[in-house]
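Trainee: Could you go through this structure with me, one piece at a time? I would like to start with a helix and work outwards.

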Amino acid sequence: MELSITEIGNFKAVKPSGRIDWESARVLDKEIQHIIDENIYNIVFNLDEVSFICSGGIGALVYNLNKVRKMG
């Protein structure tokens, strides 16, 4: 998996590409948590170039979505 993160105003755009397997899902999760730790809660994901995403990758997205929702 390759990952690019760009800042657009008060949003962060996360664009992974390739396969998101168990190991890369952990990397994705850490990057999302880093963004949240910067107090940025407006995160956009572009999954157009993702060819496969394992349950761990989906779990990372859902877990962090719920985390941001709880923060308001």
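**Around helix H1**

Mentor: Before we begin, keep in mind that this is a predicted model. Just after H1, Asn39 takes a positive phi of about 60°.

Trainee: What span should H1 have, and how far apart are its end C-alpha atoms?

Mentor: H1 covers residues 22-37, and at 1.5 Å a residue its 16 residues should span 22 Å, which agrees with the 23 Å between its end C-alpha atoms.

Trainee: And which residues of H1 are buried?

Mentor: Ser24, Ala25, Leu28, Asp29, Ile32, Ile35 and Ile36 are buried in H1. Seen down the helix axis, the buried residues of H1 fall within an arc of 145°, so they line one face. The general background is that an α-helix has 3.6 residues a turn, so residues three or four places apart point the same way.

Trainee: Which residues are exposed on the other side of H1?

Mentor: On that other side, Glu23, Lys30 and Asp37 are exposed.

Trainee: What covers the buried residues of H1, then?

Mentor: The cover includes strands S1 (2-8), S2 (11-20) and S3 (43-45), together with helix H2 (55-71).

Trainee: Switching to the core, how many residues make up the largest nonpolar one?

Mentor: The largest nonpolar core has eleven residues in all, among them Val14, Ile40, Val50, Cys54 and Val68. S2 and H1 each supply at least two residues of this core, and the largest share, five residues, comes from H1.

Trainee: You listed Val50; which residues is Val50 in contact with, leaving aside neighbours within four places in sequence?

Mentor: With those neighbours left aside, Val50 is in contact with Pro16, Ser17, Gly18 and Ile20.

Notes
Residues numbered from 1 in each chain as written. Predicted model: local features only at pLDDT ≥ 70, side-chain atom pairs only at ≥ 80, totals over all residues. Heavy atoms only, no water. Helix = DSSP H or I, 4+ residues; strand = E, 2+ residues; numbered from the N terminus. Expected span 1.5 Å × (residues − 1). Buried < 20%, exposed > 50% of the residue type's maximum accessible area, 1.4 Å probe, protein only. Arc of directions from axis to C-beta. Contact = heavy atoms within 4.5 Å. Core = buried A, V, L, I, M, F, W, Y, C linked by side-chain atoms within 4.5 Å.
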